[in-house]
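Subject: A structure to look through

Dear colleague,

I am passing on a structure for you to look at, with some notes on what was found in it. Please keep it open beside this email while you read.

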Amino acid sequence: MKHFNGILKKIFQPAVLLWIFPLLLIIPNVALAFTESDPILFKITNILLPLGTYYILTSFTRNLGLSVICCLPLMVLAAFQIVLLYLYGESIIAIDMFLNIATTNVGEVSELLGNLLFAIMVVLVLYMPPIIWAITLMLTKSRLTRRNLFKPRRLGLTISLVGVILLACCFIAYPGVAVMRHIFPVNVCSNLVTAIKRTAATTDYKNTSASFQYRPTATRVSADREIYVFVIGETSRADNWQLDGYERPTNPRLVNKKNLIFYPKTLSESNTTHKSVPMLMSYLDASNFGDSIYTAKSLFSLFNDMGYRTAYFSNQSPNHSFIDFFGSQAATNAFIKTQSASRFDSDLIEPLSEFIDNNPDGRLFIVLHTYGSHFNYRERYPDNRSVFKPDNATDADKNNRHELVNAYDNTIAYTDCLLDSIMQRLSHEHCNAALIYTSDHGEDIFDDSRERFLHASPTPTYYQVHVPFIIWTSDEYATSYPEAIVHATANRDKNVSSSKSAFNTLIDLAGLTTDYGDLHYSLINKDYREPRRIYLNDYNESIELTKSGFKEQDIKNCKKRNINTR
């Protein structure tokens with residue numbers, strides 16, 4: 001026993017923690033060396049420079065406990081990065097990841113955390129012991145000797161010097177290298193600062209957008225009664241739609257729907273809700289989002305100016321984002337989740353019908369924001385809508401893929417029912433009516449060797465950006481504007497950007513135009529122009545889709561569908 005106590009005493013000497021702690025902090029850097037496609041010189045730099053810095057920090061004072069506790073923010077970032085790599089398999093903590101945390105409701109967080117328990121346990125095992133050890137050292141007032149500090153401090157200075165030299169070589173060999181974007185955790189700290197700045201700018205949106213005006217004009221004489229509905233889906237990927245050739249009957253109602261056109265070559269320009277939805281609800285796309293999001297207004301502002309009665313009904317929770325701000329610009333708006341315990345998208349039918357009934361004449365513009373196919377999939381539809389079984393698995397595990405896909409397909413079938421119900425409701429008005437449906441982004445469901453799951457990852461995949469896009473019109477609209485139907489049909493096999501076409505097609509359907517729009521991207525325009533494939537990256541920069549992190553699998557999937565990636 002005495003011998004065992006002697007071994008423990010040697011192991012738990014402060015000097016041991018001094019040598020081990022920097023190695024624990026460098027784990028994310030080592031992992032990134034395997035997950036990222038950076039040049040080997042850069043990977044070595046991204047390990048050596050931070051490692052040397054960590055040894056300098058921990059050997060800065062004899063009070064090692066204090067040094068370790070002061071590094072707690074670094075441990076938090078390291079833990080977060082490890083969890084992110086477990087979830088997505090690549091990339092650093094992005095700006096959008098921080099913003100997602102700020103704009104995601106508690107229910108979504110709890111659903112996701114339950115599937116990250118293994119990764120969370122790993123980081124707890126890695127970083128809780130040194131924290132406890134450090135607190136113990138502080139309580140017992142243990143101190144290192146100057147001799148203890150000499151070797152790790154010298155090692156830290158040496159490694160750091162080598163890292164600086166290698167970084168200089170990287171600057172010369174690779175001009176695009178930037179410390180603020182490429183050295184962990186400096187890049188993540190920079191991303192956090194940017195996220196905080198964006199959040200602060202968002203809170204001032206009311207002031208920065210006050211003077212914005214679309215100044216729309218009419219391109220035709222409208223009928224006395226017209227209704228336009230824009231249904232925004234959530235996490236719905238086109239590949240699981242029967243309308244897109246999926247082998248399962250996920251669209252039994254829509255597949256035979258009259259006056260309905262599906263656009264199979266549609267891609268979103270973002271894989272995150274807080275960016276893609278504002279682009280769908282305004283003139284913005286990836287090319288101008290970064291410069292204009294703080295000043296732009298939504299479609300509601302445009303339709304309000306033209307005398308439409310506008311409404312926004314959402315089955316998502318408010319989160320003080322641009323989506324909320326845009327929705328508040330409608331004359332009538334409601335988040336049904338805050339009004340009752342309802343949780344299914346079919347509950348949107350009631351406020352939609354009431355709004356139509358309460359406005360029996362005049363022109364209406366309505367946006368419905370669904371919860372669609374957001375994980376946990378099984379929670380998005382009632383038991384009696386469970387078509388594909390078994391569908392009860394909720395753990396994000398590749399071994400559960402069959403049940404996860406069953407549940408996901410049930411959400412698509414439920415959306416099919418919802419859209420059919422809305423179309424029937426509009427048909428009963430016997431007026432010029434049209435509906436557009438598209439989703440903010442898609443979803444990964446352990447589809448290939450990368451074993452990716454969910455969406456909003458720092459780099460997109462084919463499954464995250466390939467989304468459904470539907471135009472439906474009433475018989476009355478088709479009769480009044482037959483040329484629109486002809487052009488919409490002629491464009492059905494062309495490449496589409498939902499971020500560009502939703503806005504322009506909606507205003508074109510209503511016979512409106514604005515200097516902020518471009519009707520060449522309207523799908524009912526005879527001169528429709530196929531878009532250049534761009535993507536809104538984490539820094540709100542418009543980049544080529546192929547440079548967004550798209551891998552060979554993603555490009556192959558696009559080619560199979562004859563979807564242009566350039």
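On the surface of this predicted model, Met121, Leu124, Met128 and Ile132 make a nonpolar patch of about 360 Å². One of these residues, leucine 124, sits in helix α9, which covers residues 117-139, and leucine 124 counts as partly exposed because its relative accessibility is 39%, a value that lies between the 20% limit for buried and the 50% limit for exposed.

A second surface patch carries positive charge, and it gathers Arg62, Lys141, Arg143, Arg146 and Arg153. Arginine 62 has its place in the loop between α4 (40-58) and α5 (64-70), and with a relative accessible area of 36% it is partly exposed.

The next topic is charge pairing. Side chains of opposite charge can pair when their charged atoms come close. The count of salt bridges in the model comes to 27, and a few of them are described here.

Arginine 253 and aspartate 416 meet through their side chains in a salt bridge, with 3.8 Å from N to O. This pair links distant parts of the chain, 163 residues apart, since arginine 253 is in the loop between β2 (226-233) and β3 (260-262), while aspartate 416 is in helix α19 (residues 401-427). Arginine 253 is partly exposed at 33% relative accessibility, whereas aspartate 416 is buried, with a relative accessible area of 0%.

Another salt bridge, at 3.4 Å from N to O, is formed by the side chains of arginine 378 and aspartate 391. Both residues lie in the loop between β7 (363-369) and α19, so the pair ties together parts that are 13 residues apart in sequence. Arginine 378 is buried at 13% relative accessible area, and aspartate 391 is buried as well, at 3%.

In helix α24 (residues 552-560), glutamate 552 and lysine 556 are 4 residues apart, about one turn of the helix, and their side chains meet in a salt bridge of 3.2 Å, N to O. Glutamate 552 counts as exposed at 53% relative accessibility, while lysine 556, at 47%, counts as partly exposed. Elsewhere, Arg225, Asp357, Arg425 and Glu429 are joined into one network by salt bridges that share partners.

Lastly, which side chain does histidine 274 join in a polar contact? The partner is aspartate 96, and the contact is 3.1 Å. Histidine 274 is found in helix α14 (residues 273-280), and it counts as buried, with 12% relative accessibility.

With best wishes

Note on methods: Residues numbered from 1 in each chain as written. Predicted model: local features only at pLDDT ≥ 70, side-chain atom pairs only at ≥ 80, totals over all residues. Heavy atoms only, no water. Patch = residues over 30% accessible without salt bridge, like charges linked within 9 Å, V, L, I, M, F, W, Y side chains within 5 Å. Areas by Shrake-Rupley, 256 points an atom, 1.4 Å probe, with all protein chains shown as cover. Salt bridge = Lys/Arg side-chain N within 4 Å of Asp/Glu carboxyl O. Lys, Arg positive; Asp, Glu negative; His and termini not counted. Charge placed at Lys NZ, Arg CZ, Asp CG, Glu CD. Helix = DSSP H or I, 4+ residues; strand = E, 2+ residues; numbered from the N terminus. Buried < 20%, exposed > 50% of the residue type's maximum accessible area, 1.4 Å probe, protein only. Polar contact = N/O pair within 3.5 Å; in protein donor to acceptor, adjacent residues only side chain to side chain.
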